[in-house]
Amino acid sequence: MNLKLHLTLADTPTKVIDLTDATLPTVIGRDSEVSQVVIPDSQSSRAHCSLDIEDDKVMVEDMGSRNGTWLNGQPITRARAYHGDILKLGKTHLTFEIGDNKPIDPLVGQRLGGFELQEVVGRGRYGTVFKGSQINLGRQVAVKVLAEEYRGDPEKVQSFLTEARRAGRLNHPHLVQVHDVCQVGDNYLLIMELMKGSTADILRDHGPFDDERVLRVMQHIGRALGYAESQRLVHRDVKPDNILVNEEGLYKLADLGIAAPIADNGQATQERIFGSPHYVAPEQARGGSIDGRADLYALGCTAWHLLTGKTVFQGSNRQVVLAHINTEPEDLDKLAPNANEDLIELIEDLLEKDPDERPKNAAELVAKVDEILKQPPRAKGAPPRPRMVKRVRRRRRYRG
């Protein structure tokens with residue numbers, strides 16, 4: 001199999017690494033003693049990730065790296081790579097060239113119904129998201145196309161359509177708006193408003209957020225979650241990849257179509273455990289009933305990640321999930337020593353193991369964020385505000 005990597009490091013020319021005849025698996029990292037592909041990047045780990053080919057599929061696996069392995073803007077433990085995919089290790093970008101120089105995606109440049117697909121902007125659970133143009137209205141949109149391997153699966157098709165229609169019934173300034181869902185030939189399309197990018201993209205490209213930006217994310221997404229609560233829904237997958245930003249700087253929550261309904265008893269029953277390991281609430285990870293406070297926990301994990309540049313817990317998916325259930329996080333004061341004390345306390349409150357110790361709902365969260373935002377900002381370069389009394393954090397284990 002033709003396998004090449006186009007390596008790009010800041011301020012250096014792109015270098016092509018030909019792995020077509022290499023012995024696999026091969027390790028990528030900064031240490032020449034343990035890595036076959038060496039990248040001169042201090043933010044990468046000595047042995048960062050490995051590449052292998054299994055059943056003609058190129059597989060990427062993180063090797064417990066310090067800053068994580070990112071594929072197309074998403075942190076991965078193990079995933080398949082396709083032609084044109086971008087792997088990010090520290091500051092280094094590696095673009096895959098797989099096969100006989102096939103186009104990055106065969107749908108790019110094609111017209112499906114009244115939509116012209118212009119470029120790939122992301123990949124979701126069920127398919128690829130394209131930047132597109134709606135010809136008859138002359139507007140830019142995002143078009144999610146159901147993956148080819150799912151088109152022949154009636155259950156997957158129905159799930160895709162159901163989630164799209166459910167999301168289309170929701171309308172809020174801080175939710176990504178779904179315009180339409182349709183079938184064109186063998187393709188199933190979800191048409192959405194086009195966003196500039198995700199908070200995961202911003203974090204990857206520009207580093208951790210400052211206090212005010214984290215608070216704005218919490219404020220806007222808190223409002224979206226308040227609307228979800230009013231519609232008796234639990235999102236279940238709040239994370240940086242699902243928080244998008246538009247050209248006006250408004251943060252919006254995506255994928256509310258996968259939300260679970262809240263029953264009359266105020267709880268949502270999980271048919272299966274859902275959510276991303278790095279952002280999953282303890283009660284959600286256990287597989288029990290949940291309510292909107294599980295989303296608040298996930299928003300707390302997201303705020304922690306955006307503020308510090310690292311997830312609350314590290315390790316394999318299983319290790320991370322167990323840590324959410326049993327392990328107290330590090331001291332956020334030490335990880336973000338210059339951050340607003342009230343912001344730190346609010347994030348830590350959201351990460352309480354016991355849902356009853358978190359804010360009771362999204363409205364309470366937004367009110368607290370609003371109060372913090374009223375504080376005058378520190379001047380650039382000014383020392384942190386004095387802390388009159390050092391907080392003693394509550395250290396509890398959730399006993400469900």
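Start with a stretch to handle with care: across residues 387-400 the pLDDT stays under 50, and the model gives that stretch 34 contacts beyond four places in sequence. Keep in mind that this is a predicted model. Taken over the whole chain, pLDDT averages 87, and 90% of the residues score at least 70.

**The nonpolar cores**

- The largest nonpolar core has 57 residues, and within it M218 and I347 touch the most other members.
- Helix α5, spanning residues 292-308, gives the most to this core, putting in 10 residues.
- Who does M218 touch, once residues up to four places away in sequence are left out? Its partners are L299, A303, L343, L346, I347, L350, L365 and V369.
- So I347 shows up twice here: M218 touches I347, and the two of them touch the most other members of the largest core.
- Apart from that core lies another one, made of 22 residues; L3, I76, A81 and F96 are among them.

**The five-stranded sheet**

- Five strands make an open sheet with mixed pairing, and reading across it the order goes β4-β3-β5-β6-β9.
- At the edges you'll find β4 (37-38) and β9 (78-81), each of which pairs on one side only.
- Inside the sheet order, β3 is listed next to β5; strand β3 covers residues 26-29 and strand β5 covers residues 49-54.
- Those two strands, β3 and β5, run antiparallel to each other and pair over three bridges.
- For a specific spot to click on, take I28: its bridge partner in β5 is C49.

Key:
Residues are numbered from 1 along each chain as its sequence is written. This is a predicted model: local features need pLDDT of at least 70, side-chain atom pairs count only at pLDDT 80 or more; totals for chains, interfaces and linings use all residues. Side-chain values use heavy atoms; hydrogens and water are left out. pLDDT is the predictor's confidence in each residue, from 0 to 100. Contact means heavy atoms within 4.5 Å. A nonpolar core is a set of buried Ala, Val, Leu, Ile, Met, Phe, Trp, Tyr and Cys residues joined through side-chain atoms within 4.5 Å. Buried means under 20% relative accessible area, exposed over 50%, partly exposed in between (1.4 Å probe, protein chains only). Helices (H or I, at least four residues) and strands (E, at least two) are DSSP runs, numbered from the N terminus. Two strands pair if DSSP finds at least two bridges between them.
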